[in-house]
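Dear colleague,

I am passing on to you the structure that we talked about, and below it you will find an account of what turned up in it. Please keep the structure open beside the text as you read.

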Amino acid sequence: FQPKDLAGRKVLITAGPTFEPWDAVRGLTNRSSGKMGWALARAAWERGAEVQLVAGPTALDEPYGVRWVGVETARQMREAVQAALPGVDVFIAAAAVADWRPAAAQPGKLKKQSGEPPPVLYLDTNPDILAEVAARADAPYCVGFAAETDNLAANAQAKRLRKGVPMLIGNIGPQAFGRDDNACVLIDANGMTELPRMDKLALARRILHEIAARLPNDQS
Ligand code: C5P
């Protein structure tokens, strides 16, 4: 049983990786199963929220009880987020967005020429969706995720301030990928709370509990 403390609230969640095409068959992507974003969507729905999930390509089934839109690239994800943003109370960025994309995507398939040197891949920087949303004058309560490989607490705190978000969830990078459980630290302006290893739905419920407790009461 979960309290319905998010009834009447709108929660927008990004999940999964993005895929940035290079040619018709190749591209750049990040490792993300989408499981944490799915769990967050479910946990927000359980608490009575109206949930909109914007997801990059994953192997997961359509989530139950929430509105869902599938995207491929970071720029499509940003567009879908901006379209969904009006009236949103909480934005949770759980997607592993590719930081760069091939500067020029080829329509066909690049052919391998024997004896030729390998092609050079030029990259452009993708928009930082979370930082953009957090910087808006009408920003919802924003929650970021950070996968760090070392110095979790310090790096995650620095990222929270850099992104300008009130809450950041840090986890130790590759250990979390594709698994059904995870361990995190939750960081906000009041400090740090360790969330011990538990399955992703339990963790998501805990995170939504912490978010609900921090929302302003006034819903006007
Ligand atoms: O900078 P870094 O990628 O480590 O930040 C991770 C956080 O920022 C996650 O919450 C992720 O969803 C979000 N992010 C984003 N757009 C990007 C890169 C990261 O929304 N281009």
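**The second largest pocket**

The residues that line the second largest pocket divide into 7 nonpolar, no polar and 6 charged. Please keep in mind from the start that this is a predicted model, and that the values in this email are computed from it. The volume of this second largest pocket is about 250 Å³, and of the 13 residues in its lining, those closest to the centre are Lys35, Trp38, Ala39, Arg42 and Leu60. Two helices, α1 and α5 (200–214), each supply at least two residues of that lining, and the largest share, 5 residues, comes from α1.

**The largest pocket**

The largest pocket holds about 830 Å³ of space. Its lining is made up of 39 residues, and Ala94, Ala95, Ala96, Val97 and Phe145 are the closest to its centre. If you wish to trace the walls, the elements that give two or more residues to the lining are β1, α1 (35–46), β6, α3, β9 (141–148) and α4 (152–163), and it is β9 that gives the most, with 4 residues. Sorted by class, the lining of the largest pocket has 19 nonpolar, 13 polar and 7 charged residues.

**Helix α2 and its two faces**

Which residues of helix α2 are buried? In this helix, which runs over residues 74–84, they are Ala74, Met77, Ala80 and Val81. Seen down the axis of α2, these buried residues fall within an arc of 125 degrees, and therefore they line one face of the helix. It may help to recall that an α-helix has 3.6 residues a turn, so residues three or four places apart point the same way. On the face of α2 turned away from its buried side you will find the exposed residues Glu79 and Ala83. The cover over the buried residues of α2 includes the strands β1 (10–15), β2 (19–21), β4 (50–55), β5 (67–70) and β6 (90–93), together with the helix α3 (129–134).

**Three buried residues, one by one**

One of the strands in that cover, β4, contains Gln52. Gln52 has a relative accessible area of 13%, and because buried means under 20%, it counts as buried. Leaving aside residues up to four places away in sequence, Gln52 touches Val11, Leu12, Ile13, Arg67, Trp68, Val69 and Ala84.

Glu46, in turn, is found in helix α1, and with a relative accessible area of 9% this residue is buried as well. When residues up to four places away in sequence are not counted, Glu46 touches Gln2, Lys4 and Arg205.

Leu186 belongs to strand β11, which spans residues 181–188, and is buried, with a relative accessible area of 1%. Its contacts, again not counting residues up to four places away in sequence, are Met167, Leu168, Ile169, Gly191, Met192, Thr193, Leu195, Glu210 and Arg214. You may also like to locate Asn171, which is 15 residues from Leu186 in sequence and 9.1 Å from Leu186 in space, taken from C-alpha to C-alpha.

**The cysteines**

How many disulfides does a search of the whole structure find? The search finds 0 disulfides. Cys142 is in no disulfide, and the nearest cysteine sulfur, which belongs to Cys184, is 18 Å away. A disulfide is taken here as a pair of cysteine sulfur atoms within 2.5 Å, which is why a separation of 18 Å does not count as one. Cys142 is buried, at 1% relative accessibility, and Cys184 is buried too, with a relative accessible area of 4%.

**A residue with positive phi**

Finally, please look at the loop between β9 and α4, where Asn151 lies. The phi of Asn151 is near 45 degrees, a positive value in a residue other than glycine. As background, most residues other than glycine have a negative phi. Is Asn151 buried or exposed? At 55% relative accessibility, Asn151 counts as exposed, because exposed means over 50%.

With best wishes

Notes. Residues numbered from 1 in each chain as written. Predicted model: local features only at pLDDT ≥ 70, side-chain atom pairs only at ≥ 80, totals over all residues. Heavy atoms only, no water. Buried < 20%, exposed > 50% of the residue type's maximum accessible area, 1.4 Å probe, protein only. Arc of directions from axis to C-beta. Contact = heavy atoms within 4.5 Å. 1 Å grid on protein atoms, 1.4 Å probe; cavity = no way out; pocket = protein on both sides within 12 Å on 5 of 7 lines; lining within 4 Å. Points joined across faces, edges and corners; volume = space filled by probe spheres on them. Nonpolar A, V, L, I, M, F, W, Y, C, P; charged D, E, K, R; others polar.
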